[in-house]
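Visitor: Please take a close look at one part of this protein for me. I would like to hear about its largest pocket and the parts around that pocket.

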Amino acid sequence: MTSLRINGKPVKAKPGITLLELAQKQGIEIPTLCHHPALTPKGSCRLCLVEDETTGELFTSCNTYVTGGMSILTDSQRVKQARKEILELIFAQHPVDCTVCDSANYCKLRRYAADAGVQGNELPGRGEFLPVFDNNPLIHRDYSKCIGCGICVRACREIQGAGAVEFKGSGWSYRPTSSFNKTMDGSSCELCGLCVSLCPVGALIEKPPLHRGVEDKRVRTVCPYCGCGCNLELRIAGGKVIGVRADIPGSWNGPSLCAKGRYGLFFVNHPDRLTQPLRREGEDLTEISWEEAIKEIAGKIKEIIKESGPSAVGILASAKTTNEENYLIQKFARAAIGTNNVDHCARLCHSPTVAGLAGAFGSAAMTNSIGDIEEAEVILVTGSNTTVNHPVIAQAIKRAVLHRGARLLIIDPRELPLSRYATIHLKPRPGTDVAWLNSMAQTIVEESLHNKKFIQERTEGFESLVETLKKYPPEKTEKITGIPAEQLRQVARAYAQARRASIFYAMGITQHIRGTDNVRAIANLAMLCGHLGKPGTGINPLRGQNNVQGACDMGALPDFLPGYQRVDSKEAREKFRAVWGREVPSEPGLTVGEMMEATLEGKLRALLVFGENPMVTDAESSLVEDALKQLDLLVVQDIFPTETSAFAHYVLPGASFAEKEGTFTSTERRVQKLNKALEPPGTARTDGETIALLSAEMGYHIQHQPAEVMKEIATLVSTYGGIDYRRLDKGGIQWPCANPQHPGTPILHVESFPRGKGLFQPVDYQPPVESPDHKYPLILSTGRILYQYHSRTMSKRSPIDRMEPQGFLEINPTDAEKMGIRDGDAVKVSSRRGKIVSRARVSASAPAGVVFMSFHFADEAVNRLTSSARDPLAKIPEFKVSAVRVEKI
């Protein structure tokens with residue numbers, strides 16, 4: 001420890017800490033306009049001056065490190081006068097219009113000026129101000145108010161990794177701007193709003209402006225969009241969300257959010273919210289009371305069970321609702337109804353992860369933490385448009401490349417925003433992943449790059465894998481994948497020879513009829529090189545929705561009870577029977593797609609849907625529509641009317657994430673607590689309350705208070721055994737967490753696997769179920785875009801919708817030229833199952849022969865084109881490869 005004095009008081013500090021940090025630890029405020037703890041200190045604003053009592057020297061405290069014997073004054077007369085003069089100089093080129101400035105009381109410059117007694121007119125001003133840029137729906141730039149602190153430039157480079165903002169000009173006109181003075185949405189800017197949140201003045205503000213209300217309170221919660229699990233605070237005024245703030249002490253994401261997290265939460269206030277139960281009467285939905293709704297729905301369920309048995313009822317849980325509610329939904333299905341017909345949208349995204357990784361390791365989750373991404377030497381990203389789908393995780397990947405020297409290897413058919421950071425980007429033909437993964441593994445074994453010690457001590461089945469790999473030399477698979485053999489060998493060597501290498505994947509790997517085999521091949525590759533159980537390594541499936549991981553953990557699956565305990569295990573069923581007081585059915589239930597088929601066959605007669613919208617998100621949606629129309633009872637609980645609720649017999653108003661208490665489990669297994677910020681509108685209820693009411697009406701009483709439900713979960717799910725609300729109030733915990741003293745587990749499989757030894761699972765390449773032909777010559781791949789989410793129920797009711805309010809068909813320039821298609825042209829897209837109309841976006845991002853569409857837009861429902869052919873084990877449809885024809889209209 002180093003000894004020094006601050007304001008006459010002796011203190012001790014660790015070497016490497018700055019004077020500003022030390023003062024803050026001592027509770028001493030030093031003003032600063034350009035500093036943030038996540039950024040490299042620069043001292044550009046000069047406002048954090050302190051005085052060396054010995055020499056009388058003034059220097060900036062944010063970038064001066066403590067040394068022994070210092071004697072520092074933070075508030076001497078000389079310091080006060082210097083800070084006052086600095087503020088006066090700033091105001092000489094800053095408009096004094098604080099009363100109408102949108103930054104209002106959030107402006108740090110205004111507060112510091114008031115503290116120092118600066119009026120803003122002490123020095124003659126230039127009288128000319130730089131222009132205002134107001135050219136996107138999310139961010140307003142007013143450079144007349146810019147003070148040149150540079151915090152936006154550094155944040156965009158050091159935290160976001162985008163480099164979308166840079167300084168231009170000199171002297172008076174030296175200000176940050178986007179490259180070549182482009183519009184923000186026309187640059188490399190991702191409109192994450194990080195710069196806005198850190199700007200100390202009104203030069204960068206969000207739209208609508210901050211003065212839309214004076215907040216009553218701030219409530220900490222978790223973002224309801226992707227699986228990153230970003231912490232944020234909701235700013236509440238007058239019973240509405242008026243803003244969002246990150247940078248919460250103890251949060252893993254620090255000041256970072258994406259565009260959806262920063263600007264996409266205003267849907268909570270939208271007038272379209274459902275507020276009262278509705279019952280279908282002919283073509284119309286008519287308001288009824290909750291008492292009527294619960295009594296009638298429960299009565300119809302009991303009647304159907306009496307006539308056709310419990311297997312005639314199905315329930316769709318939701319990756320958007322809490323762990324506690326998903327637990328209650330599956331408990332209601334199994335204990336009150338007596339069926340395992342419960343599933344949710346993980347079936348459509350990461351069911352192969354559950355099947356593939358559970359077989360290899362005995363656990364099906366991201367093995368490592370977001371926090372150790374930057375420790376990797378090599379990062380392999382495949383089947384993931386990370387910058388679009390998991391933007392805050394993409395930030396960590398970009399920082400690893402830009403600031404830590406990591407090599408980024410991308411293997412994906414499309415050119416991605418992340419591609420510009422990559423050492424190499426290989427582009428396989430869609431649906432050929434097993435072939436190139438096996439070829440990488442074959443190269444590693446052939447060149448003796450595999451980790452023999454790890455394989456011998458911690459795995460089994462290696463010899464069987466080697467026999468299979470002999471069939472996959474890169475020269476042979478080049479004909480299948482289109483990847484040049486030598487380039488694939490280079491990637492294999494880079495991955496194998498790194499001391500720490502990690503793999504990140506998403507639905508580009510899983511949404512195939514052989515998605516489970518793809519995941520198995522990835523697991524084989526990681527075990528082959530021993531890249532598991534250490535920081536900067538691992539297999540990291542990126543979950544697409546906020547609680548996909550949690551919904552799976554809670555047993556919202558037809559073949560697993562909570563904690564991935566199989567329903568066909570007598571021991572597991574007895575364990576749950578002892579707590580629930582009811583027998584648990586032993587036969588695995590139906591998946592989402594199987595429920596639709598069973599409905600068309602007359603076997604499934606009732607379906608309860610919580611927060612899902614299968615009419616937009618499920619494959620071959622024309623069959624989904626036929627099935628929904630045939631149901632005797634369709635009940636939908638949601639926060640907005642949806643394309644699915646349009647067919648419902650009963651529509652129940654749900655509570656949003658901001659109106660409930662509970663937990664989400666993020667993609668890194670981090671269990672985090674939601675705190676209630678608002679009351680639900682009208683008579684809307686949480687999903688847990690609805691389940692408890694229905695269950696009680698059916699004669700089975702369920703405790704639905706979230707904290708009590710979590711206690712029950714902890715008794716039945718060993719990985720959640722040490723999780724309770726008191727601990728979560730202090731921050732998230734990563735499972736497995738076995739007991740109340742357990743700190744959580746940032747990295748899985750450090751010493752062993754849950755199944756004992758890791759199992760190599762040899763897999764062979766099989767082509768997609770559809771291939772292009774003369775009638776349907778192109779491959780259609782579907783996915784997400786940055787500014788929309790799922791079926792748009794939330795995102796289209798927020799400002800972000802204006803960034804991308806329409807769907808599009810991304811088509812390669814070569815293909816577009818052959819068809820006479822220009823950018824923006826209306827096009828008809830046809831498959832063997834249906835046809836839709838969209839508009840063309842001519843882009844080299846799509847490889848020749850492949851087109852891309854997002855699935856968000858109901859008015860051009862791309863899932864009318866996709867196939868319901870499924871992975872035989874995980875039962876996930878083939879979303880990534882459909883043969884289509886494109887025609888200009």
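Guide: What follows describes the largest pocket, then the two domains that line it, and last some other parts of the chain. The model is a predicted one.

The largest pocket has a volume of about 940 Å³. Its lining is made up of 36 residues, and those nearest the centre are Lys108, Ser197, Leu198, Arg245 and Asp247. Five elements each contribute two or more residues to this lining: the helices α1 (19–25), α3 (108–116) and α5 (194–198), and the strands β10 (204–206) and β13 (240–245). Sorted by class, the lining of the largest pocket holds 17 nonpolar, 9 polar and 10 charged residues.

Two domains take part in this lining. Domain 1 (2–75) and domain 2 (101–108 + 120–269) each supply at least three residues to the largest pocket. The C-alpha centres of these two domains, domain 1 and domain 2, are 27 Å apart. Where they meet, 11 residues of domain 1 are in contact with 12 residues of domain 2. The area buried between domain 1 and domain 2 is about 980 Å², and 60% of it is on carbon and sulfur atoms. On the domain 1 side, Leu33, His36 and Leu39 lose the most area to domain 2, together accounting for 56% of what that side buries.

The rest of the division is as follows: besides domain 1 and domain 2, the protein has domain 3 (278–348 + 547–734), domain 4 (367–541) and domain 5 (778–888).

For comparison, there is the second largest pocket, with about 800 Å³ of space. It is lined by 28 residues, with Val388, Pro417, Leu786, Tyr787 and Arg841 nearest its centre. The classes in the lining of the second largest pocket are 12 nonpolar, 6 polar and 10 charged residues.

Strand pairing can be followed around β38 (residues 882–888). Strand β33 (residues 778–783) runs antiparallel to β38 and is joined to it by 3 bridges. Within that pairing, Ile779 stands opposite Ala883 of β38. Strand β35 (residues 826–830) is also antiparallel to β38, with 4 bridges joining the two. Here Ser830 has Arg885 of β38 as its bridge partner.

Technical notes. Residues are numbered from 1 along each chain as its sequence is written. This is a predicted model: local features need pLDDT of at least 70, side-chain atom pairs count only at pLDDT 80 or more; totals for chains, interfaces and linings use all residues. Side-chain values use heavy atoms; hydrogens and water are left out. Two strands pair if DSSP finds at least two bridges between them. On a 1 Å grid over the protein atoms alone, a cavity is a set of points where a 1.4 Å probe fits but cannot get out, and a pocket is an open set with protein on both sides within 12 Å along at least five of seven lines; lining residues have an atom within 4 Å of a point. Grid points are joined across faces, edges and corners, and a volume is the space filled by probe spheres set on the points. Ala, Val, Leu, Ile, Met, Phe, Trp, Tyr, Cys and Pro count as nonpolar, Asp, Glu, Lys and Arg as charged, and the others, Gly among them, as polar. Domain bounds come from an automatic or database domain assignment. Contact means heavy atoms within 4.5 Å. Buried area is the accessible area (1.4 Å probe) that two parts lose on being put together, summed over both.
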